[in-house]
Amino acid sequence: MQTRTLGASGLQVSALGLGCMGLSFGYGPATERQAAIRLVRAAFERGVTFFDTAEAYAQGANEALLGEALAPVRDRVVIATKFGFRDGDASQGQDSRPERIRAVAEASLKRLRTDRIDLFYQHRVDAEVPMEEVAGTVGELIRQGKVKHFGLSEAGVESIRRAHAVQPVAALQSEYSLWWREPEREILPLLEELGIGFVPFSPLGKGFLTGAIDAGTSFDQSDFRNVVPRFSAENRRANQGLVDALGRIAAARQATPAQIALAWLLARKPWIVPIPGTTKLHRLEENLGAADITLTADDLGTIEAALSGIAVQGDRYPAHLQARVGR
């Protein structure tokens with residue numbers, strides 16, 4: 001596995017990370033614990049050194065899982081986690097008060113079985129707490145050695161600038177993929193200007209870009225995608241053309257749609273590190289194969305031409321969740 005450096009921070013990670021949320025939360029029933037641990041360890045054995053979790057993923061259970069799985073190799077991996085929701089519950093709204101940030105850090109350190117958090121993200125911008133206070137609090141944790149790097153998730157241009165002026169931001173984590181390209185407008189130029197790395201979550205469009213989901217797919221009742229407008233049966237049907245076009249491009253390269261979607265992200269900038277998640281070993285291996293695919297300028301032009309005329313249908317979040325992003 002090749003490595004990449006997240007911006008000017010010096011934080012070196014594998015070119016592809018592993019998003020661990022889905023092992024415990026968000027996409028149906030949690031994976032059986034030992035199976036989840038085996039998957040995380042399989043990722044490490046295949047070269048992944050960058051693992052992403054959060055307090056809000058099953059209220060700490062995902063952190064505890066990751067802590068157990070990575071304990072034998074702790075000094076050889078980079079662990080990212082997040083603070084910012086009241087009582088670690090995303091449904092309760094934001095809470096990035098300094099005392100809450102410090103409490104989350106202490107609890108996360110215990111659950112992760114470690115003495116430092118490599119990358120500590122604010123999960124969503126909190127309109128009630130000045131960004132300068134948030135950045136300053138994380139800066140204190142960095143000086144204490146409990147945190148190594150500061151990150152933001154789904155933050156807007158103004159928040160990124162304000163945070164970075166107080167405590168350098170190592171990475172921004174936000175959604176970015178072939179079916180959500182909004183970050184190209186303002187975010188990517190800003191990150192390049194400031195020397196901030198970019199960690200795209202949902203790089204496979206919450207599974208849609210794999211080609212394994214169509215209008216007839218049914219999701220578990222606890223699956224987050226049930227409330228995502230883009231995943232209504234009507235919009236999945238309308239968006240099938242994007243997947244079909246991606247499939248044709250992948251076939252020409254003797255790759256899978258997922259591999260081309262990930263390779264496209266890797267080709268965008270050298271400081272972009274996608275974090276696809278999965279609960280299945282064969283999908284993990286498929287995803288990691290993308291790191292071995294180098295897309296040429298001609299390939300990228302072909303992808304752009306094939307997809308440019310396809311308008312993706314449906315919002316990526318329901319309105320109440322969309323209000324939390326881009327602040």
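In this predicted model, the second largest pocket is lined by 16 residues. Those lying nearest the centre of the pocket are Ala155, Glu182, Pro183, Ile187 and Gly326. The space in this pocket amounts to about 280 Å³. Sorted by class, its lining comprises 6 nonpolar, 6 charged and 4 polar residues.

The strands β3 to β9 were examined next. An open sheet is formed by 7 strands, arranged in the order β3-β4-β5-β6-β7-β8-β9, with parallel pairing. In general, the strands of a sheet pair through backbone hydrogen bonds, in either a parallel or an antiparallel manner. The edges of this sheet are β3, residues 18–19, and β9, residues 197–201, each of which pairs on one side only. Within the sheet, β7 (residues 147–153) pairs with β8 (residues 169–175) in the parallel sense, over 4 bridges. Opposite Phe150 stands Val169 in β8. Strand β7 also lies under a helix crossing: α4, spanning residues 131–143, lies across β5 (78–83), β6 (117–122) and β7. The angle at which α4 runs to β7 is about 155°.

Aromatic pairs were sought over the whole structure, and 8 were found. One of these joins Phe25 and Tyr57 in a stacked arrangement, with 6.2 Å from centre to centre and 20° between the planes. Distant parts of the chain are linked by this pair, the two residues being 32 residues apart. Phe25 belongs to the loop between β3 and α1 (33–45), whereas Tyr57 belongs to the loop between β4 (50–52) and α2 (61–70).

A further loop, between α6 (187–194) and the edge strand β9, contains Gly195. When neighbours within four places in sequence are left aside, Gly195 is in contact with Gly7, Ala8 and Ser9. Ala255 is 60 residues apart from Gly195 along the chain, and the C-alpha atoms of the two are separated by 32 Å.

Notes. Residues numbered from 1 in each chain as written. Predicted model: local features only at pLDDT ≥ 70, side-chain atom pairs only at ≥ 80, totals over all residues. Heavy atoms only, no water. Pairing = 2+ DSSP bridges. Contact = heavy atoms within 4.5 Å. Axes fitted to C-alpha atoms, helices over the stretch in contact; angles between N-to-C directions. 1 Å grid on protein atoms, 1.4 Å probe; cavity = no way out; pocket = protein on both sides within 12 Å on 5 of 7 lines; lining within 4 Å. Points joined across faces, edges and corners; volume = space filled by probe spheres on them. Nonpolar A, V, L, I, M, F, W, Y, C, P; charged D, E, K, R; others polar. Phe/Tyr/Trp six-rings, centres within 6.5 Å; stacked < 30°, edge-to-face > 60°.
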